[in-house]
Amino acid sequence: MDLDVFVTAHRAEWDRLDHLLHRGRNLTGAEADELVALYQRTATHLSLIQSSAPDPMLTGRLTQLVARARSTVTGTRRATWRDAVRFLTAGFPAAVYRSRQWWIPTAVLSTVLAAVIGWWIGVHPEVQSAIAAPDELRQLTRPGGEYETYYSSHPAASFAAQVWTNNAQAAAMCLTLGAFLCLPVLWILFVNVLNLGVGIGLMSSAGRLDTFLGLVLPHGLLELTAVFVAAGTGLRLGWTVIDPGPQSRRTALAQQGRAAIGMAIGLALVLFVSGVIEGFVTPSGLPTWARITIGIVAELAFLAYVYILGGRAARMGDTGDVEARDRSAELPAAA
């Protein structure tokens, strides 16, 4: 495409669109219709220039012009309680459901790896001695030791808030850093799996694995599920950078990124629930079976929420992305 000829042919339309935008609300009905038509044509022109003859200055000008026109045409909209309800009943669970091909294998492989690490540490005293001195290991694993008192070391409310903040930050990092070719997500996931495996190994070597699981399972089922969902979604985002599929890499990343941001908010709510369980249920005087039952009920409730509400919303076409009217305009692709 000859860029100079193209600009000469369409400059008047762009100038006219710019003039109408400066008029603001003082447009007649015919002028408003003209503005919409010019906005659509200019968006097509921008797509053609980007794909055939990219020019930074011209692309920047038309991008700004299209953005202004879209804002004028679509107007602004305030979030309402209806948006929040839709997010919680459809958008978030649909996003989790649609990414299950990523987070379920992540959960399975991570759990197996944690068990293998735990077994390896538990049956090899030399590995245990490399982790800490014998006296320190006894201090960790003895009845009333640090593994047990950790959950009651602070007031329940402040402990729950601290745990929630830490876990929400880890989940958000998995979701946002996935775009860096998955590597940060794999590291965060490995650190979590390693910590779990070390706890399993040390407590099993002391013959107190049942105590350890009784402390971890009440909150850990839901907490680890949320971390696995975040990690799986982050890995999916990273893979989109490598293979965006039929969409352009920019469009695919924008769609997955918006869904990931929404999932960060939803997972923060899930981790709040697990933090409450960890702060108030795990260190409580309830029998072990009762504490574990609470954890299992919370986990099953989350899975039912994802598979029932999320599955239904996904089958109706919800991807977890924001609604079409709230997205940036997607430019038509040039043939």
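What pattern does the chain follow when read along the sequence? In this predicted model, the chain runs α-α-α-α-α-α-α-α-α-α-α-α-α. The legends below begin with the whole chain and then turn to single residues.

**Figure 1. Overview of the chain, a predicted model with 13 helices and zero strands.** The radius of gyration of the chain is 26 Å, whereas the globule rule gives 20 Å for 335 residues; the value is well over that figure, so the chain is more spread out than a compact globule. Along the principal axes, the C-alpha atoms fill a box of roughly 80 × 40 × 35 Å. Of the 335 residues, 39% count as buried. Among contacts with a separation of 6 or more, 78% join residues that lie 24 or more positions apart.

**Figure 2. Surface and charges of the chain.** The accessible surface comes to about 18,000 Å². Carbon and sulfur atoms account for 64% of this surface. The chain carries 26 positive and 25 negative charges, and the mean positions of these two sets are 7 Å apart.

**Figure 3. Segments annotated in UniProt as "transmembrane region".** The annotation comes from an unreviewed entry and covers residues 102-121, 170-194, 259-277 and 289-308. Two of these spans are described here. Residues 102-121 are 100% helix and 0% strand, and the end C-alpha atoms of this span lie 29 Å apart. Residues 259-277 are likewise 100% helix and 0% strand, with end C-alpha atoms 27 Å apart.

**Figure 4. Close-up of Leu 38 in helix α2.** Helix α2 comprises residues 29-52. Is Leu 38 buried or exposed? Leu 38 has a relative accessible area of 3%, and because the limit for a buried residue is under 20%, Leu 38 counts as buried. With neighbours within four places in sequence left aside, the contacts of Leu 38 are Glu 13, Arg 16, Leu 17 and Leu 20. Thr 282, by contrast, is 244 residues from Leu 38 in sequence, and the two C-alpha atoms are 62 Å apart in space.

**Figure 5. Close-up of Leu 137 in helix α7.** Helix α7 spans residues 134-141. The relative accessibility of Leu 137 is 12%, and this residue counts as buried. Which residues are in contact with Leu 137, leaving aside its neighbours within four places in sequence? They are Gln 128, Ala 132 and Leu 202. Leu 202 lies 65 residues from Leu 137 along the chain, yet the C-alpha atoms of the pair are separated by 7.6 Å.

**Figure 6. Close-up of Leu 267 in helix α12.** Helix α12 runs over residues 249-281. Leu 267 is buried, with a relative accessible area of 0%. Apart from neighbours within four places in sequence, Leu 267 is in contact with Phe 92, Leu 175, Ala 226, Val 229 and Ala 230. Arg 312 provides a further reference point: Leu 267 and Arg 312 are 45 residues apart in sequence, and their C-alpha atoms are 19 Å apart in space.

**Figure 7. Close-up of Gly 295 in helix α13.** Helix α13 consists of residues 288-315. Gly 295 has 0% relative accessibility and counts as buried. Excluding neighbours within four places in sequence, Gly 295 is in contact with Leu 217, Pro 218 and Leu 221. How many residues apart in sequence are Gly 295 and His 219? The separation is 76 residues, while the distance in space is 5.6 Å from C-alpha to C-alpha.

Key: Residues are numbered from 1 along each chain as its sequence is written. This is a predicted model: local features need pLDDT of at least 70, side-chain atom pairs count only at pLDDT 80 or more; totals for chains, interfaces and linings use all residues. Side-chain values use heavy atoms; hydrogens and water are left out. Helices (H or I, at least four residues) and strands (E, at least two) are DSSP runs, numbered from the N terminus. The radius of gyration is taken over C-alpha atoms; the globule rule is 2.2 Å times the number of residues to the power 0.38. Buried means under 20% relative accessible area, exposed over 50%, partly exposed in between (1.4 Å probe, protein chains only). Contact means heavy atoms within 4.5 Å. Accessible areas come from the Shrake-Rupley method with a 1.4 Å probe; for residues, only the protein chains shown count as cover. Lys and Arg count as positive and Asp and Glu as negative; His and the chain ends are not counted. The place of a charge is taken as NZ of Lys, CZ of Arg, CG of Asp or CD of Glu. UniProt positions are given in the numbering used here, feature names are shortened, and annotations may be inferred rather than shown by experiment.
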